[in-house]
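Me: I am new to this structure and would like a friendly tour. Could you take my questions one at a time?

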Amino acid sequence: APYIRKALSKGVCTSTVQLPGKVVIVTGANTGIGKETAKDLAQRGARVYIACRDLQKGELAASEIRAKTGNQQVLVRKLDLADTKSIRTFAEAFLAEEKQLHILINNAGVMMCPYSKTADGFEMHIGVNHLGHFLLTHLLLDRLKESAPSRVINLSSLAFHLGRIHFYNLHGEKFYNRGLAYCHSKLANVLFTQELARRLKGTGVTTYSVHPGTVNSELFRHSTCMKLLLKLFSSFSKTPQEGAQTSLYCALTEGLEPLSGKHFSECSPAWISSRGRNMTTARRLWDVSCNLLGIQQD
Ligand SMILES: NC(=O)c1ccc[n+]([C@@H]2O[C@H](COP(=O)([O-])OP(=O)(O)OC[C@H]3O[C@@H](n4cnc5c(N)ncnc54)[C@H](O)[C@@H]3O)[C@@H](O)[C@H]2O)c1
């Protein structure tokens, strides 16, 4: 019963923290959970960068957020996480433009898309959901350190419990299932968060992974079956605004620093299965990701 109660509960971020002078990036913020997260942070006075693939859709979301919050500092920049060139261009332009970065929300994601590869030949789920955000975070890390206390929030999913990191099949070379490919990428988010937290100890930059709940968004666009299930059980699903609460909680709650690396759901720390706590896999995933992305390690 407590588990069922917890699964159905809808945690709310009650933080009253205001963010004047703070700079935030939210990836994939033109729709869904990301848009609601960006709106809340804009409401609190932050300068919010909406980093998205489609500038037109981004601008539409930004003008809606500006109108609703009265905050004109909502900016749209192009970022395609399925293309490392685009990620590097975004980061370079951002670093030239902004001397500070206080909150990075790695929110964008794809789910159950048909087998396809990113511009760099990575399988789409691991490429966008993990490697794209891994590279983005790496490129912005010095700015986050200079702006400390600062935070990195990684949107994972409950689905990570079904994931596995098969290093010999990271891009679906041997076998492939698009549902599981999503789960693997979400496990990568959890492992990345823990390894990042370990490496960032003492820097003032902390990081958290998040399960937002089951949220009625565009994420399920590639799966008729999932869309149907969501419709059938719509009374159990969340609105994007409800889905944004745990990301906001991790970004805003004061005193959360000692919990860096932890996984959160319903605005509280959540259990991580043993696979998600395997630090040997987390370190190896870090090294493999650096190799794939051409990142030199010290
Ligand atoms: N909706 C849910 O029930 C649910 C459950 C668990 C986890 N999540 C996670 O929450 C996050 C937000 O999902 P959502 O439900 O708001 O879905 P959504 O589809 O509404 O939003 C995802 C965003 O990511 C963007 N995106 C996709 N590929 C991109 C790319 N290559 N480059 C840049 N942006 C890209 C999309 O354009 C979109 O704006 C995702 O990481 C998802 O895995 C969602």
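Me: To begin, how many helices and strands are there in the protein chain?
Reply: Happy to help! Keep in mind that this is a predicted model. The count for the protein chain comes to 10 helices and 8 strands.

Me: What radius of gyration does the protein chain have, and what would a compact globule have?
Reply: Let's start from the chain's 298 residues: a compact globule with that many would have a radius of gyration near 19 Å. The C-alpha trace spans about 50 × 50 × 40 Å along its principal axes. The computed radius of gyration agrees with the globule value, as the protein chain has 18 Å.

Me: What percentage of the contacts between residues at least 6 apart in sequence join residues at least 24 apart?
Reply: For background, buried residues make up 47% of the 298 residues. As for those contacts in the protein chain, the share that joins residues at least 24 apart is 73%.

Me: Which strands stand at the edges of the sheet?
Reply: The sheet is open, has mixed pairing, and runs in the order β3-β2-β1-β4-β5-β6-β7-β8. A strand at the edge has a single partner, so one side of it is left without a neighbour in the sheet. The two strands in that position are β3 (74–78) and β8 (268–269).

Me: In which sense do β5 and β6 pair?
Reply: Strands of a sheet pair through backbone hydrogen bonds, and the sense can be either parallel or antiparallel. Here Leu155 stands opposite Val210 in β6. Residues 150–155 of β5 and 205–211 of β6 are joined over 6 bridges, and the sense is parallel.

Me: Which strands does helix α2 touch?
Reply: Helix α2 covers residues 32–43 and packs on the sheet. The direction of α2 makes about 170° with that of β1. The strands that α2 touches are β1 (23–27), β2 (47–52), β3 and β4 (103–106).

Me: How far apart are the end C-alpha atoms of helix α6?
Reply: Helix α6 runs over residues 178–199, and 17 of its 22 residues are buried. At 1.5 Å a residue, α6 should span 32 Å. The model agrees with this, since the end C-alpha atoms are apart by 31 Å.

Me: How is α6 oriented relative to α10?
Reply: The axes of α6 and α10 (residues 279–293) come within 9 Å and cross at roughly 90°. Residues making the contact include Leu191 and Phe192 of α6 and Leu285 and Trp286 of α10. Angles of 65 to 115 degrees count as roughly perpendicular, so α6 is, relative to α10, roughly perpendicular.

Technical notes:
Residues are numbered from 1 along each chain as its sequence is written. This is a predicted model: local features need pLDDT of at least 70, side-chain atom pairs count only at pLDDT 80 or more; totals for chains, interfaces and linings use all residues. Two strands pair if DSSP finds at least two bridges between them. Helices (H or I, at least four residues) and strands (E, at least two) are DSSP runs, numbered from the N terminus. Two residues are in contact if their C-beta atoms, placed from the backbone, lie within 7 Å. Axes are lines fitted to C-alpha atoms, for helices over the stretch in contact, and angles run from 0 to 180 degrees between N-to-C directions. The radius of gyration is taken over C-alpha atoms; the globule rule is 2.2 Å times the number of residues to the power 0.38. A residue is buried if 20 or more other C-beta atoms lie within 10 Å of its own, exposed if 12 or fewer, and partly exposed in between; C-beta atoms are placed from the backbone. The expected span of a helix is 1.5 Å times one less than its number of residues. Angles under 35 degrees count as roughly parallel, over 145 as roughly antiparallel, 65 to 115 as roughly perpendicular and the rest as oblique.
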